[in-house]
Amino acid sequence: NGDNIVHVGAAPYLYGGLFGLNVNGSYEKAVHINDMLPFTFGGTAGFTFGSDFTSLNVDALAKYHFNFGIEPLDVYAGVMLGANGLFVKDWDPRFGFDFGGIAGATWFFTDKMGVTLETGYPYWLNAKFTLKF
């Protein structure tokens, strides 16, 4: 309870026939609701670039963390809600909303550092470096 978590990651991006690389970062704050339900709340932002487009997304996120009794493993599921902008070729802007589910796991190789793999909206597979403080 009270931990701050920062992620920095990269993910392949595929949307409507466009392929690119997304670089993203997020911040979360751990909160135990009723002193027992382990949630994190925070925000994430990502920048995607491809050969003929760029995009930007900014989202709020909420995650529930499961306890399987394996100390360095953090497994979670959650939701994201936010906005995105897609700029194709001649900077023809397209704006939209983000909403979707996510699931992932972090393996902490020290008390403060770990690696995370995440799947769900808007990435198929997101690999992240994680810091907890």
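**Exercise 1.** In this predicted model, determine whether W107 is buried, partly exposed or exposed.

*Solution.* Step 1: locate the residue; W107 lies in strand 6, which covers residues 92–108. Step 2: take its relative accessibility, which is 41%. Step 3: apply the cut-offs, where buried means under 20% and exposed means over 50%. W107 therefore counts as partly exposed.

**Exercise 2.** Identify the nonpolar surface patch that includes W107, and state which elements give two or more residues to the patch.

*Solution.* Step 1: list the members, which are Y27, F66, F68, I70, W107, F109, M113, V115, F129, L131 and F133. Step 2: consider their accessible area, which together is about 1,100 Å². Step 3: assign the elements; strand 7 (113–120) and strand 8 (123–132) each give two or more residues to the nonpolar patch.

**Exercise 3.** Name the residues of the largest nonpolar core, and list the contacts of L86.

*Solution.* Step 1: the largest nonpolar core consists of five residues, namely Y13, L18, F53, L86 and V88. Step 2: set aside the neighbours of L86 within four places in sequence; L86 then contacts Y15, L18, F53, T54, S55, D92, P93 and R94.

**Exercise 4.** Describe how strand 2 pairs with strand 1 and with strand 3.

*Solution.* Step 1: strand 1 (residues 4–15) and strand 2 (residues 18–33) are antiparallel and joined by twelve bridges; N4 is opposite K29 of strand 2. Step 2: in their hairpin, two residues separate the strands, and G16 has a positive phi near 55 degrees. Step 3: strand 2 also pairs with strand 3 (residues 37–50), antiparallel over 14 bridges, with A30 opposite T40 of strand 3. Step 4: three residues lie between strand 2 and strand 3 in their hairpin, where N34 in the turn has a positive phi of about 55 degrees.

Definitions and conventions
Residues numbered from 1 in each chain as written. Predicted model: local features only at pLDDT ≥ 70, side-chain atom pairs only at ≥ 80, totals over all residues. Heavy atoms only, no water. Patch = residues over 30% accessible without salt bridge, like charges linked within 9 Å, V, L, I, M, F, W, Y side chains within 5 Å. Areas by Shrake-Rupley, 256 points an atom, 1.4 Å probe, with all protein chains shown as cover. Salt bridge = Lys/Arg side-chain N within 4 Å of Asp/Glu carboxyl O. Helix = DSSP H or I, 4+ residues; strand = E, 2+ residues; numbered from the N terminus. Buried < 20%, exposed > 50% of the residue type's maximum accessible area, 1.4 Å probe, protein only. Core = buried A, V, L, I, M, F, W, Y, C linked by side-chain atoms within 4.5 Å. Contact = heavy atoms within 4.5 Å. Pairing = 2+ DSSP bridges.
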